[in-house]
Amino acid sequence: MRMIFLGPPGAGKGTQAVKLASKYGIAHISTGDMLRYHVKNGTDLGEKAKAYMDSGRLVPDDLIIEMVKERLEEEDAKRGFILDGFPRTVNQAEALEVLLKSKDITLDAVVLFDVDEETLVRRLSGRRICPNCNAIYNVHNSDYPEDGRCKRCGNGLIQRDDDRPEVVRRRLKVYEEETAPLLDYYRNKGSLISVDASSESDAVLYAIVSLYGGKD
Ligand code: AP5
Ligand code: ZN
């Protein structure tokens, strides 16, 4: 499986990418998770990215493209991948196209996670993540752990810095301005498939697996 997950913040891209990557034994390439790792570990890239992320703006394309290029070289990515949160600009999409062409790789689909804004805001305000293993939870969902600890690794769950209301508003605006143009970009190439991502999580998973058609 080789897919791009496209959609606004809080649409559920990460939630589904984790499940599919584990189901098919492929790479979950989340540029957001990778950047948060760099920020947490105080790397050069993390230092450069932090201010952009904290204010809800996009990190410069050249830093992101280089990071994804390296990640695609890893073994699990050779079996397949889900790009979650990348590309985010037309510039990034063009760079990815060149990269994939040079490796003779074709994509199965570009999946648009379609969700109304009210649902997005509710999901983002209730989101809690595990800073240790990146697991994603939501206080509004029935499977939220009562003790506020990650079910996978036991670490305390936290709210992402950029899930504060004022940053969420900025991220939604940045999505409309810089990432939404990608919908036409991929529509024109005939690879965009829209999924109703406002339904419950298993239904969204089923929709994506169905459009993949059970291929390996
Ligand atoms: P990133 O981490 O990519 O954030 P995002 O795209 O804004 O997406 P989110 O992680 O907010 O949402 P999601 O769709 O994954 O939703 P999730 O599954 O968590 O980017 C963060 C920052 O990094 C950016 O602002 C930017 O600064 C930088 N960055 C990253 N990539 C970049 C790039 N390519 N270029 C430049 N800068 C970049 O779900 C949300 C919540 O809803 C969770 O609580 C979940 O439990 C819940 N939920 C999910 N699905 C359902 C469902 N079906 N029903 C009920 N609840 C659900
Ligand atoms: Zn965890």
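## Close-up views of a predicted model

**View 1. Helices H8 and H9 meet at an oblique angle.** The axes of H8 and helix H9 (residues 181–188) come within 5 Å and cross at roughly 40°. H8 and H9 are therefore oblique to each other. H8 brings Tyr-175, Glu-176, Glu-177, Glu-178 and Thr-179 to the contact. H9 answers with Pro-181, Leu-182 and Leu-183. Sorted by class, this contact of H8 with H9 has four nonpolar residues, one polar residue and three charged residues. The model shown here, as in every view, is predicted.

**View 2. Helix H7 crosses helix H8.** H7 spans residues 117–126, and H8 spans residues 165–179. Their axes come within 11 Å and cross at roughly 135°. That angle makes H7 oblique to H8. The crossing of H7 and H8 is right-handed. On the H7 side, the contact is made by Glu-117, Leu-120, Val-121 and Leu-124. On the H8 side, Val-168, Arg-171 and Leu-172 take part. By class, five nonpolar and two charged residues make up the contact of H7 with H8, with no polar residue.

**View 3. Four cysteines hold the zinc ion (ligand 2).** The protein donors are the SG atoms of Cys-130, Cys-133, Cys-150 and Cys-153. These donors lie 2.3 Å from the zinc ion. Around the zinc ion, the four donor atoms subtend angles of 96 to 121°. The arrangement is tetrahedral because of these angles. For comparison, the ideal angle for four tetrahedral donors is 109.5 degrees.

**View 4. The zinc donors follow a spaced cysteine pattern in sequence.** The donor residues of the zinc ion (ligand 2) are spaced C-x2-C-x16-C-x2-C. Cys-130 lies in the loop between strand S5 (127–129) and strand S6 (136–138). Cys-150 lies in the loop between S6 and H8. The pair Cys-130 and Cys-150 therefore ties together parts that are 20 residues apart in sequence.

**View 5. Leu-63 sits in helix H4 and touches Leu-45.** Helix H4 covers residues 61–72 and includes Leu-63. Leu-63 and Leu-45 are 18 residues apart in sequence. In space, their C-alpha atoms are 7.6 Å apart. Leaving aside residues up to four places away in sequence, Leu-63 touches Leu-45 and Lys-48.

How values were computed: Residues are numbered from 1 along each chain as its sequence is written. Chains are lettered from A and ligands numbered from 1 in the order in which they are written. This is a predicted model: local features need pLDDT of at least 70, side-chain atom pairs count only at pLDDT 80 or more; totals for chains, interfaces and linings use all residues. Side-chain values use heavy atoms; hydrogens and water are left out. Axes are lines fitted to C-alpha atoms, for helices over the stretch in contact, and angles run from 0 to 180 degrees between N-to-C directions. Helices (H or I, at least four residues) and strands (E, at least two) are DSSP runs, numbered from the N terminus. Angles under 35 degrees count as roughly parallel, over 145 as roughly antiparallel, 65 to 115 as roughly perpendicular and the rest as oblique. A crossing is left-handed if the near helix is turned anticlockwise from the far one by less than a right angle, and right-handed if clockwise. Contact means heavy atoms within 4.5 Å. Ala, Val, Leu, Ile, Met, Phe, Trp, Tyr, Cys and Pro count as nonpolar, Asp, Glu, Lys and Arg as charged, and the others, Gly among them, as polar. Donors are N, O and S atoms within 2.8 Å of the metal (3.2 Å for Na, K and Ca); water is not among the atoms, so sites may look incomplete. Four donors count as tetrahedral if all angles lie between 85 and 135 degrees; four count as square planar and six as octahedral if opposite donors are over 155 degrees apart and all others between 65 and 115; anything else is irregular.
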